[in-house]
Each structure stands twice: as C-alpha cells, then as structure tokens.
Amino acid sequence: MTQYPFDRSITNELEVLDYYLDAIKYRNAHKAVSGEIALEVFDRTRYQGRLPFTLSKEAEQLRYEFRSLEAPGAPDNYEQDYSEYEDELWKHLYNLIVKLKEQ
C-alpha cells in the first residue's frame, strides 16, 4: 500500500473532513495518480477496521464520492476536455466537503 503525505491517524469526523481536503489538495498537484488517491481515501476512511468511529451519513456519502472518482467516466459533453472534466468533479467534491465542515 502506498503511503501519501496526507495519511495520518484519524480520531473524529472533523479530522476525516480535513483528511479529505488534504487528499484533494495533494491530488491537484499529482493528477496522474488521481484514481489511486481516490481509492486510498475511500479505503482509509471505512469504518470496519480503519476508523474508531462511524461516519455520519453525510461524511459517508462524501467517502463514496471518492470511490466514484477512481474512474469517473466520460463527460456528458463529449467535446469537453477529459482532464478539465475530472478537475471539475474533484473541485465539486472539495466544495461539498467545505460546505459540510461549515455546518
């Protein structure tokens, strides 16, 4: 398993959200490994055996958003550049995390 600079011990849900944000920031600097980063975050933040607590429904949904970013598929607009499309998806997820943190 690859170790990433954003990997760390997580003890509560706020730390999970910060972990998500740090993973996205790292991904933005290392786009060639987007899929691997998405899968690492999804795996690292599962309750069974990885986290000492259960995620809220909202945080768990964000976790599944990372899973979908492992292989996001093609944009609806076939003329859109794929890398721009992928960046938009990651940016959207970032915004969702920030919004949940503000609540």
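Start by selecting phenylalanine 6 in this predicted model. With a relative accessibility of 3%, phenylalanine 6 counts as buried, because the cut-off for that label is under 20%.

Now add tyrosine 26 to the selection. Its ring and that of phenylalanine 6 make a tilted aromatic pair, with 5.5 Å from centre to centre and 55° between the planes. Colour by sequence position and you will see that the pair links distant parts of the chain: phenylalanine 6 sits in the segment before α1, tyrosine 26 in helix α1, and 20 residues separate them.

Which residues join these two in a cluster of ring pairs? Show Tyr4 and Tyr19 as well: together with Phe6 and Tyr26 they are linked into a cluster by ring pairs. If you feel like hunting for others, the count comes to eight aromatic pairs.

One of them is next. Select tyrosine 20 and phenylalanine 66, another tilted pair, whose centres are 5.0 Å apart and whose planes differ by 45°. Tyrosine 20 belongs to helix α1 and phenylalanine 66 to helix α4, so this pair ties together parts of the chain that are 46 residues apart in sequence. Buried or exposed? Both tyrosine 20 and phenylalanine 66 are buried.

Zoom out now to the two helices that carry this pair. Show helix α1 (residues 13-29) and helix α4 (residues 57-68) as cartoons: their axes come within 11 Å and cross at roughly 25°. That angle makes α1 roughly parallel to α4, since angles under 35 degrees fall in that class. The crossing of the two helices is left-handed.

Bring the side chains back for the contact itself. On the α1 side, pick Glu13, Leu17, Tyr20 and Ile24; on the α4 side, the residues they meet are Ala59, Leu62, Arg63 and Phe66. Colour them by type and this contact divides into six nonpolar, two charged and no polar residues.

For the last stop, move to helix α5 (residues 82-102) and pick tyrosine 85. Its relative accessibility is 15%, so tyrosine 85 counts as buried. What does tyrosine 85 touch, leaving aside residues up to four places away in sequence? Display Pro72, Gly73, Ala74, Pro75 and Gln80 to see these partners. To finish, draw a C-alpha to C-alpha distance from tyrosine 85 to proline 72: the two are 9.2 Å apart in space and 13 residues apart in sequence.

Note on methods:
Residues numbered from 1 in each chain as written. Predicted model: local features only at pLDDT ≥ 70, side-chain atom pairs only at ≥ 80, totals over all residues. Heavy atoms only, no water. Axes fitted to C-alpha atoms, helices over the stretch in contact; angles between N-to-C directions. Helix = DSSP H or I, 4+ residues; strand = E, 2+ residues; numbered from the N terminus. Parallel < 35°, antiparallel > 145°, perpendicular 65-115°, else oblique. Left-handed = near helix turned anticlockwise from the far one by under 90°. Contact = heavy atoms within 4.5 Å. Nonpolar A, V, L, I, M, F, W, Y, C, P; charged D, E, K, R; others polar. Buried < 20%, exposed > 50% of the residue type's maximum accessible area, 1.4 Å probe, protein only. Phe/Tyr/Trp six-rings, centres within 6.5 Å; stacked < 30°, edge-to-face > 60°.
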